Amino acid sequence: MTNSSASPYGTLPPASPVSVRKPISLPRMNEMRSRGEKITMLTAYDATFAAVADAAGVECILVGDSLGMVCQGLSSTVGVSLEAMRYHVECVSRGIRKVQGTAWILGDLPFGSYQESKEQAIRSATVLMQAGAHMVKLEGGGWTTDIVSFLVERGIPVAAHLGLTPQTVHSLGGYRVQGRGDDAAKKLRQEALALQDAGASMMILEMVPEPLSTELTVELPACHTIGIGAGKGTAGQVLVMHDMLGINLGKNPKFVHNFMAGESSVLEAMRAYVAAVKNGTFPDNEKHAWT
């Protein structure tokens, strides 16, 4: 089978040594935030979809351990190995280089790859960075603060992840909204501020009540908040690619919108997602967020 202009992915612009946009970096994201421009992020797990997302203008590609569920058919992310993450980060990195080569790549540190010690964490982070990641992501607050500081001091950018943390979904009692109630909100806020102080420069807020995520975005000027099911008050948005294309294998969460509906290709669906995040029409707090 050969590529054709009728591909459902859409026709990508030809590879060029001169990119149509500057490579995304932490300083570039700082500039975007200072002028009020939202940051867009999607997951991707292979070269082709990563290239399409980059061509569509997505700033950040998250190679998430969600691949365990959408690619490997697992019931949760807990079974994803570091070797699997390394493989998929490499695939995504190659795909992005083939088109524009501008997107910022985050690699998820999977369950069991950083819980043992700071030394284990840096070994695992090194694997993903050498595979092509620009930043690593880890879940949880409290005990992770020292790990974040340890990695950042050694030149590894870190994204934190609070709220619903899928790697610990069993201890959370399932896929439930986090940070509701005064005590839960206070704890989440304390963890977020500590992670910023430790050097985390990005923070995924998943299934967090919209008022709390909006407040945290103001309180975390040095840490870009990226929401998923957390309302439109965050500095940016992320969705699992399979969800936003309407091809997941389960029930769509409340915060998902099918951007493929009405579009002729994956490229156009991703462009529609980027446009909706930038112009503020996605997410819709009435449809996609919790209070």
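Two strands pair if DSSP finds at least two bridges between them. Strands (E, at least two residues) and helices (H or I, at least four) are DSSP runs, numbered from the N terminus.

The model is predicted: local features need pLDDT of at least 70, side-chain atom pairs count only at pLDDT 80 or more, and totals for chains, interfaces and linings use all residues. Residues are numbered from 1 along each chain as its sequence is written, and side-chain values use heavy atoms, with hydrogens and water left out.

**Exercise 1. Describe the barrel and locate the partner of L205 in β7.**

Step 1. The barrel is closed by 8 strands in the order β1-β2-β3-β4-β5-β6-β7-β8, with parallel pairing. Neighbouring strands of this sheet are turned by 25 degrees against each other on average, direction ignored.

Step 2. Strand β6 covers residues 202-206 and strand β7 residues 224-228; the two pair in the parallel sense over 5 bridges.

Step 3. The residue of β7 that L205 stands opposite is G227.

**Exercise 2. Characterise the packing of α4 against α5.**

Step 1. Axes are lines fitted to C-alpha atoms, for helices over the stretch in contact, and angles run from 0 to 180 degrees between N-to-C directions. The axes of α4 (residues 82-98) and α5 come within 8 Å and cross at roughly 25 degrees.

Step 2. Angles under 35 degrees count as roughly parallel, over 145 as roughly antiparallel, 65 to 115 as roughly perpendicular and the rest as oblique. The helices α4 and α5 are therefore roughly parallel.

Step 3. The crossing of α4 and α5 is right-handed (the near helix is turned clockwise from the far one by less than a right angle; anticlockwise would be left-handed).

Step 4. Contact means heavy atoms within 4.5 Å. On α4 the contact is made by L82, M85, R86, V89, E90 and S93, and on α5 by S124, V127, L128 and A131.

Step 5. These residues divide into 6 nonpolar, 2 polar and 2 charged (Ala, Val, Leu, Ile, Met, Phe, Trp, Tyr, Cys and Pro count as nonpolar, Asp, Glu, Lys and Arg as charged, and the others, Gly among them, as polar).

**Exercise 3. Determine how α5 is placed against α6 and against the strands.**

Step 1. The axes of α5 and α6 (residues 144-153) come within 10 Å and cross at roughly 50 degrees. Helix α5 is therefore oblique to α6, and the crossing is right-handed.

Step 2. The contact involves K118, E119, A121, I122 and A125 of α5, together with D146, I147, F150 and L151 of α6. By class there are 6 nonpolar, no polar and 3 charged residues.

Step 3. Helix α5 (residues 118-131) also lies across β3 (104-108) and β4 (135-137), running at about 135 degrees to β4.

**Exercise 4. Identify the backbone features of P283 and M207.**

Step 1. The peptide bond from F282 to P283 is cis, with omega near -5 degrees. P283 belongs to the loop between α11 (266-279) and α12 (285-288).

Step 2. M207 is not a glycine, yet has a positive phi of about 50 degrees. Its place is the loop between β6 and α9 (210-219).

**Exercise 5. State the confidence of the model.**

Step 1. With pLDDT as the predictor's confidence in each residue, from 0 to 100, the protein chain has a mean of 91, and 91% of its residues reach 70 or more.

Step 2. Over residues 1-5, pLDDT stays under 50, and the model has 1 contact beyond four places in sequence for them. Residues 15-19 also stay under 50, with 5 such contacts.

Step 3. Where pLDDT is low, the predicted coordinates should not be read in detail.
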